[in-house]
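Work through the exercises below with the model open. Try each task before you read its solution.

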Amino acid sequence: MKSTKTFTTFQLTALVLLRILIGWHILYEGISKLLMPNWTSALFLRDSQWILSGFADWIVSNDGLLSAVDFLNTWGLIAIGAGLILGLFTRLAAYAGMALLFMYYLNNIPLIGIEYSMPAEGNYLIVSKTLIEAAALLVLAIFPTGSAFGLDIFLSQFTKSKNEE
């Protein structure tokens with residue numbers, strides 16, 4: 001059996017490419033929200049009909065909380081996307097992205113009998129692109145792609161030299 005710490009160049013390249021593509025998608029989503037002057041998550045949250053619907057209603061009913069959620073959502077997407085693209089704090093970015101996407105999924109889960117007012121990009125049943133992207137981020141969190149190609153290389157060298165002192 002092959003050691004888990006040894007990957008082929010092709011395997012690492014594929015994982016890094018996946019990390020950069022997901023990072024781009026998440027970064028773009030954050031920047032697009034930042035550049036839309038009247039963007040708010042209220043429409044998405046009002047559409048929530050499943051397990052997090054009560055939580056979503058609570059957020060929407062409080063203007064200050066909704067503003068904080070909008071700010072954290074926008075800048076969280078930007079930070080997560082930039083971290084994935086740059087390979088900086090890669091595991092943290094992957095886990096944070098996975099958690100955020102899973103929250104989106106639980107607010108807008110594709111189940112029979114649930115219809116949303118916001119248009120969907122396709123027809124899904126249980127498994128959506130959001131869930132798939134969250135699962136891909138779990139894979140990226142497990143594999144050290146930032147240490148293979150990214151700014152995490154410098155962080156690991158810095159912490160290694162600090163530990164040797």
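Helices here are DSSP runs of type H or I, at least four residues long, numbered from the N terminus. The model is a predicted one.

**Exercise 1. Find the salt bridge and place its two partners along their helix.**

Step 1. Count first: the structure holds one salt bridge.

Step 2. Name the pair. The side chains of Lys33 and Glu29 meet, with 3.2 Å from N to O.

Step 3. Check the spacing. Lys33 and Glu29 are four residues apart in helix 1, so about one helical turn separates them. In an α-helix there are 3.6 residues a turn, so residues three or four places apart point the same way.

Step 4. Check burial. The cut-off for buried is under 20% relative accessible area. Lys33 has 15%, so Lys33 is buried. Glu29 has 28% and therefore counts as partly exposed.

**Exercise 2. Describe the largest nonpolar core and say which helices supply it.**

Step 1. This core has 15 residues. Ile22, Ile26, Leu84 and Leu137 touch the most other members.

Step 2. Trace the suppliers. At least two residues each come from helix 1 (9–35), helix 4 (63–86), helix 5 (90–107) and helix 6 (129–142). Helix 6 gives the largest share, five residues.

Step 3. Zoom in on Ile22. Leaving aside residues up to four places away in sequence, Ile22 touches Leu84, Glu133, Ala136, Leu137 and Leu140.

Step 4. Look for a second core. Apart from the largest one lies another, of six residues, including Ala42, Leu45, Ala56 and Leu66.

**Exercise 3. Decide how the buried residues of helix 3 are arranged, and find what covers them.**

Step 1. Helix 3 spans residues 53–60, and Ala56, Ile59 and Val60 are buried there.

Step 2. Use the arc. These residues cover only 95 degrees around the axis, so they lie on the same side of helix 3.

Step 3. Find the cover. Among the elements over these buried residues are helix 2 (42–46), helix 4 and helix 5.

**Exercise 4. Locate the nonpolar surface patch, then ask of one member: is Phe71 buried or exposed?**

Step 1. List the members. Ile31, Leu34, Leu35, Phe71, Leu72 and Trp75 make a patch of about 630 Å².

Step 2. Assign elements. Helix 1 and helix 4 are the ones that give two or more residues to the patch. Phe71 is found in helix 4.

Step 3. Apply the cut-off. Exposed means over 50% relative accessible area. Phe71 has 51%, so Phe71 is exposed.

Conventions. Residues are numbered from 1 along each chain as its sequence is written. This is a predicted model: local features need pLDDT of at least 70, side-chain atom pairs count only at pLDDT 80 or more; totals for chains, interfaces and linings use all residues. Side-chain values use heavy atoms; hydrogens and water are left out. A nonpolar core is a set of buried Ala, Val, Leu, Ile, Met, Phe, Trp, Tyr and Cys residues joined through side-chain atoms within 4.5 Å. Buried means under 20% relative accessible area, exposed over 50%, partly exposed in between (1.4 Å probe, protein chains only). Contact means heavy atoms within 4.5 Å. Patches are made of residues with over 30% relative accessible area and no salt bridge: like charges are joined within 9 Å, nonpolar side chains (Val, Leu, Ile, Met, Phe, Trp, Tyr) within 5 Å. Accessible areas come from the Shrake-Rupley method with a 1.4 Å probe; for residues, only the protein chains shown count as cover. A salt bridge is a side-chain nitrogen of Lys or Arg within 4 Å of a carboxyl oxygen of Asp or Glu. The arc is that of the directions from the helix axis to the C-beta atoms.
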